Amino acid sequence: MTVGRPGKRSAIEAEQTRDAILQAALNTFSELGFDGASVRDIASHTGVSHGVLRHHFGSKEDLWKHVMEHVFDHFSSHMLPLIEGAVSGDKSLALTNFHSVVSGFIDISLTHPSYARLLISETRGGGERAEYCHARFAGLHTAISELFDLAKAQSPALQNHSNDSFFYCLMSLTYFRIAFPGMGPELNFPVANGYPSAKDMILDILFADSSVSNR
């Protein structure tokens with residue numbers, strides 16, 4: 001029987017512990033907010049001691065920042081390649097490429113609703129945490145601006161929008177149901193009205209008069 005090296009096993013176990021702590025912290029911060037979250041509770045949910053958590057992440061503020069970096073890194077790693085490829089590619093496909101980028105954002109948000117709840121919680125007021133979130137989102141928003149301008153020239157649906165107003169509409173449509181699950185249309189509204197999914201309904205609203213409309 002082949003047994004892995006103890007050092008390698010320890011490194012793998014440490015990484016697994018870090019991942020578990022990050023997930024527990026993400027869930028706790030998104031549900032309770034920074035002020036309502038307890039480091040000891042996060043450690044307990046993870047099944048580790050308070051000391052182990054601090055060993056891996058330090059203070060509550062440090063843990064929060066690691067969680068936010070994980071969230072924004074996830075958005076960036078999935079969206080930036082799409083954006084960069086679209087901007088440097090065939091300009092005649094700008095609208096189709098922009099549609100794909102927006103679709104990717106919706107996919108991430110609906111697949112990971114804790115991301116949306118966390119971002120809403122942390123940007124609701126002012127302060128350093130809100131400024132951090134705005135700064136990280138601004139990087140993605142700015143990267144999209146050139147592609148948006150190219151797509152706007154090809155879509156009647158985008159003519160009344162700026163990059164900022166389109167992003168506001170996108171966030172509102174995508175995040176409202178996640179933030180307020182007890183409000184708004186019933187859960188089966190998209191499918192009951194002929195849409196394959198909530199994502200398709202959002203895309204159809206945003207791109208209603210374009211050649212990439214979903215219906």
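## How H8 and H10 cross

The crossing between helices H8 and H10 is right-handed. This comes from a predicted model, so keep that in mind as you look around. H8 covers residues 163–179 and H10 covers residues 198–206. Their axes sit 10 Å apart, and the packing angle is about 155 degrees. Anything over 145 degrees counts as roughly antiparallel, and H8 and H10 are therefore roughly antiparallel to each other.

Who does the touching? On the H8 side, the contact uses Phe166, Cys169, Leu170, Leu173 and Thr174. On the H10 side, Ile202, Ile205 and Leu206 meet them. Sort the residues of this contact by character and you get seven nonpolar, one polar and no charged.

## The overall picture

Stepping back, the protein has 10 helices and zero strands. Reading along the sequence, the pattern is simply α-α-α-α-α-α-α-α-α-α.

The chain has 215 residues, and 40% of them are buried. The accessible surface adds up to about 11500 Å², with 54% of that belonging to carbon and sulfur atoms. As for contacts, take those between residues at least 6 apart in sequence: 69% of them join residues at least 24 apart.

## Ile83 in H4

Now pick out Ile83, which lies in helix H4, residues 60–88. Is Ile83 buried or exposed? Its relative accessibility is 3%, so Ile83 counts as buried; the cut-off for buried is under 20%.

Leaving out residues up to four places away in sequence, Ile83 touches Val101, Ala143 and Ile144. There's also a C-alpha distance to look at here: Ile83 and Glu146 are 63 residues apart along the chain, yet their C-alpha atoms are separated by 9.3 Å.

## Ser103 in H5

Next up is Ser103, a residue of helix H5, which spans residues 94–111. With a relative accessibility of 13%, Ser103 counts as buried too.

Which residues does Ser103 contact, once its neighbours within four places in sequence are set aside? The partners are Lys199 and Leu203. Both positions fall in the 198–206 stretch of H10, so we're back at the helix we began with, the one whose Ile202, Ile205 and Leu206 meet H8.

Definitions and conventions: Residues are numbered from 1 along each chain as its sequence is written. This is a predicted model: local features need pLDDT of at least 70, side-chain atom pairs count only at pLDDT 80 or more; totals for chains, interfaces and linings use all residues. Side-chain values use heavy atoms; hydrogens and water are left out. Axes are lines fitted to C-alpha atoms, for helices over the stretch in contact, and angles run from 0 to 180 degrees between N-to-C directions. Helices (H or I, at least four residues) and strands (E, at least two) are DSSP runs, numbered from the N terminus. Angles under 35 degrees count as roughly parallel, over 145 as roughly antiparallel, 65 to 115 as roughly perpendicular and the rest as oblique. A crossing is left-handed if the near helix is turned anticlockwise from the far one by less than a right angle, and right-handed if clockwise. Contact means heavy atoms within 4.5 Å. Ala, Val, Leu, Ile, Met, Phe, Trp, Tyr, Cys and Pro count as nonpolar, Asp, Glu, Lys and Arg as charged, and the others, Gly among them, as polar. Buried means under 20% relative accessible area, exposed over 50%, partly exposed in between (1.4 Å probe, protein chains only). Accessible areas come from the Shrake-Rupley method with a 1.4 Å probe; for residues, only the protein chains shown count as cover.
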